[in-house]
Amino acid sequence: MATNNRYYGLEIEVDCDRWGKYDVDFDGLMEELEAYNDLIYCKYDGSLHNGVEIVTHPCSYQYLMEKPYIREICQVTLDHGYRSHHTTTCGLHVHISKDGFGEDRELGMAKFVFMIEKFWHKMVKFSRRNREELERWASRYCEPTEPNTETVTSIYNKAKDINSLARYKAVNMRNADTVEVRMFKGTLRIDTIKASIQLLDIMVDQACIRHVEEIQDMKWHEIEEIARSGAYPELSAYLDKR
């Protein structure tokens, strides 16, 4: 259980390519994943060629960091021939409970969305997505050519302006109970999955504790300093690598 009402859920998309490059065993994968039925479920996703979406039930940050089941699921999936990063279709989507954004959750979510846009180029590099993938599945709310005059309020108003393509944004606000971050490329590397969750956890923390003016003035190196504090080993190593 989370002490701060913040829970995470993962959507791990796995696939083979449409030309049969990977020899996959769907039935074998489903059989082995039955051992994790209290932790995950699998679902069809129309964006995949011949794959499956592995969805975790809500977990606390500590549970995801300390328990081995995500690592085991990734290995089982690889053992049955599926891939995630080395495909053209897969993403790693991270859901964050809206109740985990502080007492004033609307304000917390507004500051979080602003941080994603403010640090867009850093986030893109971290995400491993190319421009085409981002434009198709996880586009931003601001136009790249717009002057840097957006505020927390203006960006959040765009995020809440529901339209038919809103769920394909980098941060999908359309779910009733969760904020869905869609911009990460798919992966079955547990260190990369943990680093992604750690980065988002830092950003949610900052959205909860910093005033609007502090968020608008915030610099990326401040996030890196927190990441290298010793509490986020996978994220620190990932930042060095990227």
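The paragraphs below lead through some helices, salt bridges and single residues of this structure, which is a predicted model.

A good place to begin is helix α8, which runs through residues 190-209. This helix has 20 residues, and the distance from its first C-alpha to its last is 29 Å, close to the 28 Å expected at 1.5 Å a residue. Helix α8 is also mostly covered, since 16 of its 20 residues are buried.

One residue to look for in helix α8 is D201. Its relative accessible area is 7%, and because residues under 20% count as buried, D201 belongs to the buried class. If residues up to four places away in sequence are not counted, D201 touches R6, Y8 and Y61. With R6 the meeting is a salt bridge between side chains, at 3.0 Å from N to O. This pair links distant parts of the chain, for D201 sits in helix α8 while R6 sits in the segment before β1 (7-14), and their places lie 195 residues apart in the sequence. R6 is buried as well, with a relative accessible area of 4%. The link between R6 and D201 does not stand alone, because R6, D201 and D205 are joined in a network of salt bridges.

How many salt bridges does the model hold in total? The count comes to 9, and two further ones are worth finding in the structure. In one of them, D99 pairs with R105, and the closest N and O atoms of the two are 2.8 Å apart. Here D99 has a relative accessibility of 49% and therefore counts as partly exposed, and R105, at 28%, counts as partly exposed too. In the other, R210 forms a salt bridge with E222, with the closest N and O atoms 2.8 Å apart. R210 lies in the loop between α8 and α9 (212-217), whereas E222 lies in helix α10 (residues 220-227), so this salt bridge ties together parts that are 12 residues apart in sequence. R210 itself is buried, with a relative accessible area of 17%.

Helix α10 leads on to the way in which helices pack against each other. The helices α10 and α11 pack at an angle of about 130 degrees, and their axes are 9 Å apart. An angle of 65 to 115 degrees would count as roughly perpendicular and one over 145 as roughly antiparallel, and α10 and α11 are therefore described as oblique to each other. On the side of α10 the contact is made by W220, E224 and A227, and on the side of α11 by L235, S236 and L239. Sorted by kind, the residues of this contact divide into 4 nonpolar, 1 polar and 1 charged.

S236, one of the residues in that contact, has its place in helix α11, which covers residues 233-241. Is S236 buried or exposed? At 18% relative accessibility, S236 counts as buried. Leaving aside its neighbours within four places in sequence, S236 is in contact with A227 and R228.

A second pair of helices can be set beside this one. Helix α4 (residues 105-118) and helix α7 (residues 152-160) have axes that come within 8 Å and cross at roughly 95 degrees. That angle makes α4 roughly perpendicular to α7. The contact is made by E106, M109, A110, K111, V113, F114 and E117 of α4, together with V152, I155, Y156, A159 and K160 of α7. The residues of this contact divide into 8 nonpolar, no polar and 4 charged.

The walk ends in a strand, with residue E53, which is found in β3 (residues 52-56). E53 has a relative accessible area of 3% and is therefore buried. Which residues does E53 contact, once its neighbours within four places in sequence are left aside? E53 is in contact with E11, I12, E13, Y41, C42, K43, D45 and L48. A different relation holds for W137, which lies 84 residues from E53 along the chain, and the C-alpha atoms of E53 and W137 are separated by 15 Å.

How values were computed:
Residues numbered from 1 in each chain as written. Predicted model: local features only at pLDDT ≥ 70, side-chain atom pairs only at ≥ 80, totals over all residues. Heavy atoms only, no water. Axes fitted to C-alpha atoms, helices over the stretch in contact; angles between N-to-C directions. Helix = DSSP H or I, 4+ residues; strand = E, 2+ residues; numbered from the N terminus. Parallel < 35°, antiparallel > 145°, perpendicular 65-115°, else oblique. Contact = heavy atoms within 4.5 Å. Nonpolar A, V, L, I, M, F, W, Y, C, P; charged D, E, K, R; others polar. Buried < 20%, exposed > 50% of the residue type's maximum accessible area, 1.4 Å probe, protein only. Salt bridge = Lys/Arg side-chain N within 4 Å of Asp/Glu carboxyl O. Expected span 1.5 Å × (residues − 1).
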